[in-house]
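Got the viewer open? Let's take a walk through this one, starting with the whole chain and then zooming in on a few residues.

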Amino acid sequence: MSTHANNPKPQTPRVRPADLPEVRGKYITEQSLSGLTWFRVGGDADVIYLPADADDLSAFLKNLAADIPVTVLGAGSNTLARDAGVRGVVIRLGRSFADIAREGETDIRAGAGALDVRVAA
């Protein structure tokens, strides 16, 4: 049976911080993603999670219920977010995930929160 306009597919319910594991980082609710992307577009996320560090993020993911959607956002460059918003948790990888290290003659290791202009320098 196909989905019909009069019988739309049910939406994923909103996620609240009470649905999520305890963290050392920070939860932000109902914030527009437009302020976090370079193109300045996007609706509200149910919850934005700002992990304190890699250990905090690891514990969060280990203890997160499997049915909660997760979206990962680094520095927000080259990212488009839906105007209708994002259900679940958006993990914003900030300064503690922005390390850049040269490895050998030709390799660079850059965290997901590293700005491309700093990686290229």
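Start with a contact map if your viewer draws one: among contacts between residues at least 6 apart in sequence, 53% join residues at least 24 apart. Keep in mind that you're looking at a predicted model.

Now switch to cartoon and colour by secondary structure. You'll find 2 helices and 6 strands. Trace them from the N terminus and the order reads β-β-α-β-β-β-β-α. Show just the C-alpha trace and line it up with its principal axes: the span is about 60 × 30 × 30 Å.

Next, turn on the surface. The accessible area comes to about 8,300 Å², and carbon and sulfur atoms account for 50% of that. Of the 121 residues, 31% count as buried. Colour by charge while you're here: there are 14 positive and 15 negative side chains, and the centres of the two sets sit 4 Å apart.

**Stop one: R92**

Hide the surface and select residues 86-92, which make up strand β4; R92 is in this strand. Show R92 as sticks. Which side chain of opposite charge is nearest to R92? That's D116, but D116 is 11 Å away, so R92 has no salt bridge, given that one requires a side-chain nitrogen of Lys or Arg within 4 Å of a carboxyl oxygen of Asp or Glu. R92 is nonetheless buried.

So what does the R92 side chain reach? Select G74 and show its backbone: the side chain of R92 comes to the backbone oxygen of G74 at 2.8 Å. Then fill in the surroundings. Setting aside neighbours within four places in sequence, R92 is in contact with L73, G74 and A75, with I48, Y49, L50 and P51, and with L36.

**Stop two: E30**

Jump to residues 26-32, strand β1, and pick out E30 within that strand. Check its backbone torsions: phi of E30 is near 45°, a positive value in a residue other than glycine. Is E30 buried or exposed? E30 is exposed, with a relative accessible area of 58%.

**Stop three: R40**

Last pick: R40, in the loop between β1 and β2, the latter covering 44-50. Like the previous stop, this one is about the backbone. R40 isn't a glycine, yet its phi is positive, at about 60°. Bring the surface back and you'll see R40 exposed, with a relative accessible area of 54%. For a parting view, put R92 and R40 on screen together: R92 is buried, whereas R40 is exposed.

Conventions
Residues numbered from 1 in each chain as written. Predicted model: local features only at pLDDT ≥ 70, side-chain atom pairs only at ≥ 80, totals over all residues. Heavy atoms only, no water. Helix = DSSP H or I, 4+ residues; strand = E, 2+ residues; numbered from the N terminus. Buried < 20%, exposed > 50% of the residue type's maximum accessible area, 1.4 Å probe, protein only. Lys, Arg positive; Asp, Glu negative; His and termini not counted. Polar contact = N/O pair within 3.5 Å; in protein donor to acceptor, adjacent residues only side chain to side chain. Contact = heavy atoms within 4.5 Å. Areas by Shrake-Rupley, 256 points an atom, 1.4 Å probe, with all protein chains shown as cover. Charge placed at Lys NZ, Arg CZ, Asp CG, Glu CD.
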